[in-house]
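Please look over the sequence and the structure shown here before reading the notes that accompany them. The notes are meant for a reader at the bench and are grouped by topic.

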Amino acid sequence: MDATLPLLPLESFGNESSNSSTDNDGQIHSVFSQAEHNIVAAYLITAGVISLLSNIIVLGIFVKYKELRTATNAIIINLAFTDIGVSGIGYPMSAASDLHGSWKFGNAGCQIYAGLNIFFGMASIGLLTVVAIDRYLTICRPDIGRRMTSSSFAALILAAWINAFFWALMPILGWSSYAPDPTGATCTINWRKNDASFVSYTMSVVAVNFIGPLSVMFYCYYKVSKTMKQYTHSSSLQNINMDWSDQLDVTKMSVVMIVMFLVAWSPYSIVCLWASFGDPRKITPAMAIIAPLFAKSSTFYNPCIYVIANKKFRRSIISMLCCQSRKEINITNILPMDTSSSTTTQ
């Protein structure tokens, strides 16, 4: 499709699917009852509020405590912004449509909603990959990790955002497309129209933004695990400037991040691959709605990972929530992102 062509009218969406229907006015009707839509809306509202509050608290921690503003912790700040983007824009539009019983923001709203969700989702995956690379360089290749500067991390973070922007923009320009899903109350990649454009786009996205990052994460954390065991057995932890507690925290964070990455994005990837190589009409409406909901769930579990993995970060949150006076925090070996960087704000 030529990029200059106007976007398809809303009534053209859904013609390929038996999971939704349209009336003479082009209004898409969902296969779900209004009660079921209300349940989904309640989940989205609850998850959105939790995500917004928790990620705002995360940003508040970095604003209040200058000691936490390290170059590598900038990755966490960017992750928080991606989560706020989804929960602050995507959740409200989807919840409003569920309460309405169908997509209520028109074709332009559909493009904006789907594009932003893909943009923030791909950026989040890219940033998690940067986290894995940082851990690998810090623990396994400290000679390189010590040479990483604020500019180095800024370049990696920028690359994650540029990659996300590229993949979010392509369906708007004609490589695949965005359309309401079979629920009729949200928009996503138009996987019901499994033509060559959709298949090529989907395979590229899955390879670049799922299989690739996942492979990097597994490799990095596998090497981290082996390095930790090596130093533990040799009783020479001081050689990498870490104590056992720090290593244990890194391991916990690594495992949780990989598991939650898989939990969040695997269902969505399976649906897209199924639509590419199978009959999209056989994808049940329940699966069609569960897959993107799982992907969105990453917005509120990321802050939980920070708290679980970092005792000092947890104490800082408690201190801020209890309105205690500002205290200096000893950030020696602070986790999850620490030893490969120095404080960027003095």
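What follows is a short briefing on the overall make-up, the interior and the surface of this chain. The model is a predicted one, and its protein chain contains 10 helices and 4 strands. Of its 346 residues, 53% count as buried.

**Overall make-up**

- Read from the N terminus, the elements of the protein chain follow the order β-β-α-α-α-α-α-β-β-α-α-α-α-α.
- Among contacts in the protein chain with a separation of 6 or more, 77% are accounted for by residues that stand 24 or more positions apart.
- The protein chain has an accessible surface of about 15,100 Å², and carbon and sulfur atoms hold 67% of that surface.

**The nonpolar core**

- The largest nonpolar core is made of 84 residues, and the residues with the most contacts inside this core are I118, M122, F261, W265 and F313.
- Helix α3 gives the most to this core, contributing 17 residues, and the helix itself spans residues 106–139.
- For I118, once neighbours within four places in sequence are left aside, the residues in contact are W167, A168, Y178, I189, Y201 and Y268.
- As a general background to such a core, nonpolar side chains in soluble globular proteins tend to be buried together.

**A buried serine in helix α3**

- S124 is also part of helix α3, and its relative accessibility is 4%.
- Because buried means under 20% relative accessible area, the value of 4% places S124 among the buried residues.
- When neighbours within four places in sequence are set aside, S124 is in contact with L79, T82 and N302.

**A nonpolar patch on the surface**

- V255, V259, V263, I290 and F294 together make a nonpolar surface patch of about 370 Å².
- Two helices, α7 (244–277) and α8 (285–296), each supply at least two residues of this nonpolar patch, and α7 gives the most, with 3 residues.
- Where does F294 lie, and is this residue buried or exposed, or something in between? F294 is found in helix α8, and with a relative accessible area of 35% it counts as partly exposed, because that class covers values between the 20% limit for buried and the 50% limit for exposed residues.

Notes. Residues are numbered from 1 along each chain as its sequence is written. This is a predicted model: local features need pLDDT of at least 70, side-chain atom pairs count only at pLDDT 80 or more; totals for chains, interfaces and linings use all residues. Side-chain values use heavy atoms; hydrogens and water are left out. Buried means under 20% relative accessible area, exposed over 50%, partly exposed in between (1.4 Å probe, protein chains only). Contact means heavy atoms within 4.5 Å. Accessible areas come from the Shrake-Rupley method with a 1.4 Å probe; for residues, only the protein chains shown count as cover. Patches are made of residues with over 30% relative accessible area and no salt bridge: like charges are joined within 9 Å, nonpolar side chains (Val, Leu, Ile, Met, Phe, Trp, Tyr) within 5 Å. A salt bridge is a side-chain nitrogen of Lys or Arg within 4 Å of a carboxyl oxygen of Asp or Glu. A nonpolar core is a set of buried Ala, Val, Leu, Ile, Met, Phe, Trp, Tyr and Cys residues joined through side-chain atoms within 4.5 Å.
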